[in-house]
Amino acid sequence: CTGNGICKCRVCECFPNFTGSACDCSLDTAPCMASNGQICNGRGTCECGTCNCTDPKFQGPTCEMCQTCVGVCAEHKDCVQCRAFDKGEKKETCSQECMHFNMTRVESRDKLPQPGQPDPLSHCKEKDVDDCWFYFTYSVNSNGEANVHVVE
């Protein structure tokens with residue numbers, strides 16, 4: 001009974017929070033909790049402690065990854081541009097619209113945070129209003145605070 005129940009007459013009697021013929025299916029939904037507080041990001045079902053994504057665009061352990069969606073890079077590009085370089089479409093409204101993240105400037109691309117840190121991290125390469133590339137990372141920590149690192 002995979003250590004989650006007691007075998008009686010060749011049948012597993014599962015402990016609370018476990019089910020299945022071998023008590024190998026956890027009823028705990030905590031591993032399915034997305035960062036927005038929804039089970040499987042509202043785009044799947046939690047089965048045996050694992051998300052089964054029902055929306056085919058979404059993947060990952062909590063159905064939060066979407067390769068074809070407008071990404072965090074495009075979504076935050078204008079705010080990063082006005083905060084870091086004082087230009088772009090939101091230059092005039094920057095202080096009202098773009099204060100939702102902490103920003104840190106770094107000298108070069110190799111000083112940007114690298115994958116492998118505990119917070120999900122997006123590496124971004126976007127074009128500014130002058131048709132120049134700029135680079136930044138976007139991450140959200142466990143407290144829900146957004147952090148941007150941008151190359152000067």
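Hi everyone, let me start with one cysteine: Cys124 has a relative accessibility of 4%, so Cys124 counts as buried. Keep in mind throughout that this is a predicted model.

Who is the partner of Cys124? Cys73 and Cys124 form a disulfide, and their sulfur atoms sit 2.1 Å apart. The torsion about that S-S bond is -80°, which is the left-handed form. Cys73 belongs to helix H1, residues 72–85, while Cys124 belongs to strand E10, residues 121–127, so this link ties together parts that are 51 residues apart in sequence. Cys73 is at 16% relative accessibility, and that also makes Cys73 a buried residue.

Let me step back to the whole chain. How many helices and strands are there? The protein chain has 2 helices and 12 strands. In order along the sequence, the pattern reads β-β-β-β-β-β-β-β-α-α-β-β-β-β. The radius of gyration is 22 Å, well over the 15 Å that the globule rule gives for 152 residues, so the chain is more spread out than a compact globule. For a feel of the dimensions, the C-alpha trace spans about 75 × 30 × 25 Å along its principal axes.

What about burial and surface? Of the 152 residues, 30% are buried. The chain exposes about 9600 Å², and carbon and sulfur atoms supply 49% of that area. If we take the contacts with a separation of 6 or more, 29% of them are between residues 24 or more positions apart. As for charge, the chain carries 14 positive and 21 negative charges, and the mean positions of the two sets are 3 Å apart.

Now back to the cysteines, my favourite part of this one. How many disulfides does the structure hold? The count is 9. As a reminder, a disulfide is a covalent bond between the sulfur atoms of two cysteines. You have already met one of them, Cys73 with Cys124, and I'd like to show you two others.

One is the link of Cys1 and Cys12, where the sulfur atoms are 2.1 Å apart. The torsion about this S-S bond is about -100°, so the disulfide is left-handed. Cys1 lies in the segment before strand E1 (5–8), and Cys12 lies in strand E2, residues 11–14, so the pair joins parts that are 11 residues apart in sequence. Cys1 is partly exposed, with 25% relative accessibility.

The other is the disulfide of Cys32 and Cys46, again with sulfur atoms 2.1 Å apart. Is this one left-handed or right-handed? With 70° about the S-S bond, the link of Cys32 and Cys46 is right-handed. Cys32 sits in the loop between strand E4 (25–26) and strand E5 (44–47), Cys46 sits in strand E5, and 14 residues separate the two in sequence. The two ends have their own burial classes: Cys32 is buried at 0% relative accessibility, and Cys46 is partly exposed at 23%.

Then there are cysteines to look at outside those pairs. Why does Cys7 have no bond to Cys1? The sulfur of Cys7 is 4.8 Å from the closest cysteine sulfur, the one in Cys1, and that is too far for a bond. Cys7 is exposed, with a relative accessible area of 52%. Cys132 is in no disulfide either, and the nearest cysteine sulfur, in Cys82, is 17 Å away. Cys132 is partly exposed, at 40% relative accessible area.

A little more on Cys7, since this residue has some neighbours we know. Cys7 is found in strand E1. Setting aside residues within four places in sequence, Cys7 is in contact with Cys1 and Cys12, the two partners of the left-handed disulfide I described. From Cys7 to Cys23, which is 16 residues apart along the chain, the C-alpha separation is 10.0 Å.

Cys23 brings me to the backbone. Most residues other than glycine have a negative phi. Cys23, though, has a positive phi of about 55°. Cys23 lies in the loop between strand E3 (18–19) and E4, and Cys23 is buried, with a relative accessible area of 0%. Arg10 also has a positive phi, about 65°, although Arg10 is not a glycine. The place of Arg10 is the loop between E1 and E2. Is Arg10 buried or exposed? Arg10 is exposed, at 82% relative accessible area.

That's my tour, thanks for listening!

Methods: Residues numbered from 1 in each chain as written. Predicted model: local features only at pLDDT ≥ 70, side-chain atom pairs only at ≥ 80, totals over all residues. Heavy atoms only, no water. Helix = DSSP H or I, 4+ residues; strand = E, 2+ residues; numbered from the N terminus. Rg over C-alpha atoms; globule rule 2.2 N^0.38 Å. Buried < 20%, exposed > 50% of the residue type's maximum accessible area, 1.4 Å probe, protein only. Contact = heavy atoms within 4.5 Å. Areas by Shrake-Rupley, 256 points an atom, 1.4 Å probe, with all protein chains shown as cover. Lys, Arg positive; Asp, Glu negative; His and termini not counted. Charge placed at Lys NZ, Arg CZ, Asp CG, Glu CD. Disulfide = S-S within 2.5 Å.
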